[in-house]
Amino acid sequence: MTAEPMFKRVLLKASGEALMGSQGFGIDVAVADRIASDIADARRMGVEVGVVVGGGNIFRGVAVASKGGDRVTGDHMGMLATVINALALATSLRKLGIDTVVLSAIAMPEICESFSQRAASHHLSQGRVVIFAGGTGNPFFTTDSAAALRAAEIGAQAIFKGTQVDGIYSADPKKVLDATRFDRLTHDEVLQKGLAVMDVAAVALARENHIPIVVFSIHEKGGFCDILQGGGRMTIVTD
Ligand code: UDP
């Protein structure tokens, strides 16, 4: 028998890097399809899912700034990259028969709907997966901050931050062999220890709004649903 999900409405943050798979750039459709299948399973469990996608697999604003270009223009390019990823993930979800809508922070009505809190809540309550594109719509922010912001706006009970590893570690487990995984931390501890899991603005916003952050491996098939059902490997960040 399937356990009742722990949360009714969640916000999943998937970085652009996650969609890239083992390629050096862009979108690996097979990986997007796999992540979509986990989201589809969560939907079938009755969980309402909002998704914020990053853009780092295509473009990061700092890349322009670091070469003497204009950071704001670079960030605009980065935000456009998140729209490309959002469209790819929406395509993967629709192939699975999951009703999905893309809401962009930057209006581009020929391509997708524009974000409003009311539209997002309406689509979620109708059972649609809502993919939030365009980050916050502002330069000098990240899609982690967009995830915390959208989570607060839609009243998500948790932010699921999909990463390359299965939680928050004392050091990078890919570099430090004896790095240990935390089961549970507070938002304050994440900030005080400088644990690089989400940027400071995102963690502070989650703390202010009392939203737990679940850090888990986005590459583990079924991992998202296991955690939603009270199992799985992860670190949870709470008040
Ligand atoms: N970005 C931005 N404002 C936002 C969100 C993103 O300017 O609110 C830009 C920024 O240039 C960033 C890029 O979009 O580098 C891609 O987002 P992010 O680096 O957060 O993607 P991820 O690392 O999750 O793939």
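Two residues are in contact if their C-beta atoms, placed from the backbone, lie within 7 Å. The model discussed here is predicted.

Q: What share of the contacts in the chain with a separation of 6 or more comes from residues 24 or more positions apart?
A: The contacts considered are those with a separation of 6 or more. Within that set, residues 24 or more positions apart account for 70%.

Q: What radius of gyration does the chain have, set against that of a compact globule?
A: For 239 residues, a compact globule would have a radius of gyration near 18 Å, and the value for the chain agrees with this. Along the principal axes, the C-alpha atoms fill a box of roughly 40 × 40 × 35 Å. Buried residues make up 46% of the chain. The radius of gyration of the chain is 17 Å.

Q: How many helices and strands does the secondary structure of the chain come to?
A: The elements counted are DSSP runs, with at least four residues for a helix and at least two for a strand. On that basis the chain comes to nine helices and nine strands.

Q: How far apart are the end C-alpha atoms of helix H2 (residues 29-44)?
A: H2 has 16 residues, which at 1.5 Å a residue should span 22 Å. The model agrees with that expectation, as the end C-alpha atoms are apart by 22 Å.

Q: Which elements do the buried residues of H2 pack against?
A: The buried residues of H2 are Ala32, Ile35, Ala36, Asp38, Ile39, Ala40, Ala42 and Arg43. Just after H2, Gly46 takes a positive phi of about 95°. The packing partners of the buried residues are strand S1 (9-14), H1, strand S2 (48-53), H4, S5 and helix H9 (223-228).

Q: Which helix gives the most to the shell around the ligand?
A: Helix H1 (16-20), helix H4 (71-95) and helix H6 (143-154) each supply at least two residues of the shell. The shell residues divide into five nonpolar, 14 polar and four charged. The helix that gives the most, with six residues, is H4.

Q: Which of the 23 residues around the ligand come nearest?
A: A residue counts as near the ligand if its C-beta atom, placed from the backbone, lies within 6 Å. Of the 23 residues around the ligand, those that come nearest are Gly54, Gly56, Gly61, Gly78 and Gly135.

Q: Why do the residues of the UniProt feature "binding site" gather at one spot?
A: The UniProt record, an unreviewed entry, places this feature at Gly55, Asp75, Thr136, Gly137, Asn138, Pro139, Phe140, Phe141, Thr142 and Thr143. They span 89 residues in sequence, yet they gather at one spot because no two of their C-alpha atoms are apart by more than 14.0 Å.

Q: Which residues does Pro139 touch, not counting residues up to four places away in sequence?
A: Pro139 sits in the loop between strand S5 (129-133) and H6. Pro139 has 16 other C-beta atoms within 10 Å and is therefore partly exposed. Its contacts, with residues up to four places away left out, are Gly61, Arg71, Val72, Asp75 and His76.

Q: Is Phe140 buried or exposed?
A: Phe140 lies in the loop between S5 and H6 and has a positive phi of about 70° although it is not a glycine. A residue with 12 or fewer other C-beta atoms within 10 Å counts as exposed. Phe140 has 11 such neighbours, so Phe140 is exposed.

Q: What phi does His210 have?
A: His210 is found in the loop between helix H8 (200-208) and strand S8 (213-217). With 10 other C-beta atoms within 10 Å, His210 is exposed. Although His210 is not a glycine, its phi is positive, at about 55°.

How values were computed:
Residues numbered from 1 in each chain as written. Predicted model: local features only at pLDDT ≥ 70, side-chain atom pairs only at ≥ 80, totals over all residues. Nonpolar A, V, L, I, M, F, W, Y, C, P; charged D, E, K, R; others polar. UniProt positions renumbered as here; feature names shortened; annotations may be inferred. Buried ≥ 20, exposed ≤ 12 C-beta atoms within 10 Å, placed from the backbone. Rg over C-alpha atoms; globule rule 2.2 N^0.38 Å. Expected span 1.5 Å × (residues − 1).
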